[in-house]
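Let's walk through this structure together, one question at a time. Have the sequence and the 3D view open as you read.

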There are 2 protein chains.
Amino acid sequence: MESTADSRVPVLNGRRARNKHDKHQRIFEAASALFTGQGYSSVTTQMVAERADVGTGTLFRYASSKAELLLMVMNEQMRLTTRLGVAESTDAASPNDAIMALLQPQIHLSLAFPENTAVYQREILFGTEQGRYRTEALARISELEDAVGNILARFAQTHRIRKDIDLNGAARTVFSTLHMELIRVSLGRQDPQTLTATLASHIDVLLLGILDPE
Amino acid sequence: MESTADSRVPVLNGRRARNKHDKHQRIFEAASALFTGQGYSSVTTQMVAERADVGTGTLFRYASSKAELLLMVMNEQMRLTTRLGVAESTDAASPNDAIMALLQPQIHLSLAFPENTAVYQREILFGTEQGRYRTEALARISELEDAVGNILARFAQTHRIRKDIDLNGAARTVFSTLHMELIRVSLGRQDPQTLTATLASHIDVLLLGILDPE
DNA sequence: GCTCATTTAGGAGCGTACTCCGTATGCTAG
DNA sequence: CTAGCATACGGAGTACGCTCCTAAATGAGC
């Protein structure tokens, strides 16, 4: 028994691993094409399964729900925008600029795919299942929140700040506004033009509001 | 022809109107009892129909979806809390107190029914159907937002305020935070205790942030 | 190569929100 | 009271996300 335990080390080069990888790839491509082509709601899991040439049962072995399929696709896009945002925020003059530079790529992506963004936001906020892709999405957002928190912390080192202020809490309010504005815009309830201005204004007020009024 | 047009005035005393009213009442009570008794997700529309003693087809003539059924129930509760909040906010000393007094009853209600609140928030934010009860819910929230806007406007009259500040936009950020915190708490991701403090702090920062720093 | 154990595949089947349309009920005119 | 019309009712049927269980594929030991 113990001798076979050694073979538990995952071998990635077997037929099995390759098949799995292939199927995952096909499913990813099918979901990606369908979701970005026609919106989330008009795509059925049957369609994805057929296009990926797998059974429906198989599909749900690779993503535990239809929503997870979307997260799988969106995460990949978010991976790029996050990296981009972090990079661009480093050489910003003011904290306002830094935060806006950080978030700009996410906003841009969101505006490009409104319906998928709405579902993405919905699943982030209201999803209960602890699937692989949802976990990844949450991690990515936490990253961004921490980045904003760090920018605020740096600001706090060069300015007199009110004592009882929780900087992480402050960072969260920025994201509350971001989430809500993204939802509004992605569902067509608000002009995309206003989003950036609203967010910038919130940050502006926030920075002034946390200063110690001597 | 024109003479019959007079009869278009809705007569509320016919058998028909009474039947309709009765059914509506039964459906309301059934939905109310089931949703508050066990959570939203474990209630099926069949159950509601049976308990109300109507067919499923009939049920969907009175509420266009399961979510609308919940909104129907929650709206009624919100009607009371809104009135209460508005009343209590009038004799508050500071704008902070006024806003918090305004929102306290809503928060209290939300904490009492976490699961239903989560669904309520989800439908408010992401619902697309233009059902009767959703419209009503949105109107109720607009009311509250306007009330916050008014409190800020009064504050602006007795203090020097930065020029380029949009008070309604500022009011919206308060609600962004409120929505997000309610979601977090109602899904059990955050301690209910912190909600009020977080919100109060946001308002605090906001009020300082919109002041003109001479 | 052969056998056995374990992992993976997939499609028939299920639960549930919602619809469709034939039937019943109430209203109005004559 | 009756006929004709409009409205309301309700349950069989549908769509779709997801599960369950049998069968197939793979790899290990000999």
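**Contacts with DNA and between protein parts**

Q: Which element gives the largest share of the surface near DNA strand C?
A: A residue counts as near a strand if one of its heavy atoms lies within 4 Å of it. Helices here are DSSP runs (H or I, at least four residues; strands are E, at least two), numbered from the N terminus. With 5 residues, the largest share of the surface near DNA strand C comes from α4(A).

Q: What kind of model is this, and how are its parts numbered and lettered?
A: Residues are numbered from 1 along each chain as its sequence is written, while chains are lettered from A and ligands numbered from 1 in the order in which they are written. Side-chain values use heavy atoms, with hydrogens and water left out, local features need pLDDT of at least 70, side-chain atom pairs count only at pLDDT 80 or more, and totals for chains, interfaces and linings use all residues, since this is a predicted model.

Q: How many residues surround DNA strand C, and how many of them are charged?
A: The closest residues to DNA strand C are A:Gly57, A:Thr58, B:Arg15, B:Thr45 and B:Lys66, out of 22 that surround it. For the classes, Ala, Val, Leu, Ile, Met, Phe, Trp, Tyr, Cys and Pro count as nonpolar, Asp, Glu, Lys and Arg as charged, and the others, Gly among them, as polar. The surface near DNA strand C then divides into 4 nonpolar, 11 polar and 7 charged residues.

Q: Which side chain has an N or O atom 3.2 Å from a base oxygen of DNA strand C?
A: A polar contact is a pair of N or O atoms within 3.5 Å (within protein, one must be able to donate a hydrogen and the other to accept it, and residues adjacent in sequence count only if both atoms are side-chain atoms). A polar backbone atom of A:Gly57 is 3.2 Å from a base nitrogen of strand C, and a polar side-chain atom of A:Thr58 is 3.0 Å from a phosphate oxygen. The base oxygen is 3.2 Å from the side chain of B:Arg16.

Q: Which element gives the most to the surface near DNA strand D?
A: Here 23 residues surround the strand, and the closest are A:Arg15, A:Lys66, B:Lys20, B:Gly57 and B:Thr58. Both α2 and α4 of chain A, along with α2 (15-37) and α4 (56-62) of chain B, supply at least two residues each. The one that gives the most, with 5 residues, is α4(B).

Q: What percentage of the atoms of DNA strand D within 4 Å of the protein belong to sugar or phosphate?
A: Phosphate oxygens of strand D have the side chain of A:Asn19 at 3.3 Å and the side chain of B:Arg61 at 3.4 Å. A backbone N or O atom of B:Gly55 also lies 3.4 Å from a phosphate oxygen. Bases account for the rest of the atoms within 4 Å, and the sugar or phosphate part is 66%.

Q: How much area is buried between chain B and chain A?
A: The size of an interface is often given as the accessible area lost when the parts come together. Buried area is the accessible area (1.4 Å probe) that two parts lose on being put together, summed over both. The contact (heavy atoms within 4.5 Å) takes 32 residues from chain B and 31 residues from chain A. Carbon and sulfur atoms give 64% of the buried area, which is about 2600 Å².

Q: Which residue of chain A meets B:Glu181 in a salt bridge?
A: A salt bridge is a side-chain nitrogen of Lys or Arg within 4 Å of a carboxyl oxygen of Asp or Glu. The rule finds 4 salt bridges across the interface of chain B and chain A. At 3.1 Å, N to O, the partner of B:Glu181 is A:Arg172.

Q: Which element supplies the largest share of the side of chain B that touches chain A?
A: The interface of chain B and chain A has 10 residue pairs in polar contact, both at pLDDT 80 or more. On the chain B side, α7 (114-126), α9 (167-186) and α10 (192-209) each supply at least two residues. The largest share, 9 residues, comes from α9(B).

Q: How much area do domain 1 and domain 2 of chain A bury between them?
A: The domain assignment, which is automatic or from a database, gives domain 1 (1-62) and domain 2 (66-214) of chain A. Their centres, taken over C-alpha atoms, are 31 Å apart. Of the area they bury, 70% is on carbon and sulfur atoms, and the amount is about 1300 Å².
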